[in-house]
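Work through these exercises with the coordinates open. Each task is followed by its solution in steps.

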Amino acid sequence: MLKFIVKVWCMRFSALTERGGSRKGRIHGDLPENAMTTTPEGALAVAQQRRAAESLPYFGAVLPAEAHALLKSLPNAQLIDVRTHAEWDYVGRVPGSILIEWNSYPSGTRNPAFLEQLHAAAADPSTPLLFLCRSGQRSDSAARAAAAAGYSMAFNVLEGFEGTRDADGHRSTLGGWRKAGLPWVQG
């Protein structure tokens, strides 16, 4: 069923782009404000639109509420949190997420075992994997690495767990998983 849904939405989006409906630009700026959707079909379609708009090498990019909808509806979908142990412990984490550091703490060096750990957590390369970090940057890199390693349904969760900083330098006020009111725990 999932493959059918993806195929239908990809065909619809392909028809849109052939008519000149796609524009290049920032991931958030390419789509109308109301493009965010919490239906799984809509989230898949918007993810593919963002993929095409930004020439992303992975399946697509989703906002936190869209990621949550996909996690609830796609069989075997998994949220992969690529932040550091310190972030999981002190900032918070999503219950049920798989924790695999992209960069190791405190050194900040890239985790050389990332793909090995990912494969141990999700051996099937068709598993929908939604990558989450603090603001969407490390998760973009992780989604790129997963796609290059053969994972066909890798997603980046835009805005991440905490979103970008506001004018006062605070996070979780402008976007992100926590700001969206989605499930999370701390400690």
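**Exercise 1. List the contacts of aspartate 81 beyond its sequence neighbours, then place the residue.**

Step 1. Leave out residues up to four places away in sequence; aspartate 81 then touches Trp88, Arg93, Ser97, Ile98, Leu99, Ile100 and Leu132. The model is a predicted one.

Step 2. Locate the residue. Aspartate 81 belongs to strand 2, residues 78-81.

Step 3. Check exposure. The relative accessible area of aspartate 81 is 0%, so the residue is buried.

Step 4. Look for a polar partner. The side chains of aspartate 81 and arginine 83 share a polar contact of 2.7 Å.

**Exercise 2. Describe the overall make-up of the protein chain.**

Step 1. Count the elements. There are six helices and five strands.

Step 2. Read their order from the N terminus: α-α-β-α-β-α-β-α-β-α-β.

Step 3. Take the burial. Of the 187 residues, 49% count as buried.

Step 4. Take the surface. The chain exposes about 9,300 Å², and carbon and sulfur atoms supply 53% of that area.

Step 5. Take the contacts between residues at least 6 apart in sequence. Of these, 60% join residues at least 24 apart.

**Exercise 3. Decide how far helix 6 is enclosed, and by what.**

Step 1. Count buried residues. Helix 6 spans residues 138-148, and eight of its 11 residues are buried, so the helix is largely enclosed by the rest of the structure.

Step 2. Name them. They are Arg138, Ser139, Asp140, Ala142, Ala143, Ala145, Ala146 and Ala147.

Step 3. Find the packing partners. The buried residues pack against helix 4 (85-90), helix 5 (114-121), strand 4 (129-132) and strand 5 (154-157).

Step 4. Look past the end. Glycine 150 follows helix 6, and its phi is positive, near 105°.

**Exercise 4. Dissect the largest nonpolar core.**

Step 1. Recall the background. Nonpolar side chains tend to be buried together in soluble globular proteins.

Step 2. Size the core. It has 22 residues, and those with the most contacts inside it are Ile80, Val82, Phe114, Leu118, Leu129 and Phe131.

Step 3. Trace the contributors. Helix 5, strand 4 and helix 6 each give two or more residues to this core. Helix 6 gives the most, with five.

Step 4. Examine one member. Beyond four places in sequence, the contacts of phenylalanine 131 include Ile80, Val82, Ser139, Ala142 and Phe155.

Step 5. Look for a separate core. Another core, of 20 residues, lies apart from this one; Ala67, Leu70, Leu130 and Leu182 are among its members.

**Exercise 5. Classify the aromatic contacts.**

Step 1. Count the pairs. The structure holds four aromatic pairs.

Step 2. Take phenylalanine 59 and phenylalanine 155. Their pair is tilted, at 5.0 Å centre to centre and 55° between the planes. Phenylalanine 59 lies in the loop between helix 2 (40-54) and strand 1 (60-62) and phenylalanine 155 in strand 5, so the pair ties together parts 96 residues apart in sequence. Both residues are buried.

Step 3. Take phenylalanine 114 and phenylalanine 131. Their ring centres are 6.4 Å apart and their planes lie at 45°, so this pair is tilted. It links helix 5 with strand 4, 17 residues apart.

Step 4. Extend the group. Trp102, Phe114 and Phe131 form one aromatic cluster.

Step 5. Add the charges. The charged end of arginine 110 sits over the ring of tryptophan 102, 3.6 Å from its centre. For arginine 178 over the ring of tryptophan 184, the distance from the charged end to the ring centre is 4.8 Å.

Definitions and conventions. Residues are numbered from 1 along each chain as its sequence is written. This is a predicted model: local features need pLDDT of at least 70, side-chain atom pairs count only at pLDDT 80 or more; totals for chains, interfaces and linings use all residues. Side-chain values use heavy atoms; hydrogens and water are left out. Buried means under 20% relative accessible area, exposed over 50%, partly exposed in between (1.4 Å probe, protein chains only). Helices (H or I, at least four residues) and strands (E, at least two) are DSSP runs, numbered from the N terminus. Contact means heavy atoms within 4.5 Å. Accessible areas come from the Shrake-Rupley method with a 1.4 Å probe; for residues, only the protein chains shown count as cover. A nonpolar core is a set of buried Ala, Val, Leu, Ile, Met, Phe, Trp, Tyr and Cys residues joined through side-chain atoms within 4.5 Å. A polar contact is a pair of N or O atoms within 3.5 Å; within protein, one must be able to donate a hydrogen and the other to accept it, and residues adjacent in sequence count only if both atoms are side-chain atoms. Rings of Phe, Tyr and Trp (its six-membered ring) pair if their centres lie within 6.5 Å; planes under 30 degrees apart count as stacked, over 60 as edge-to-face and the rest as tilted. A charge sits over a ring if NZ of Lys or CZ of Arg is within 6 Å of the ring centre and within 35 degrees of the ring normal.
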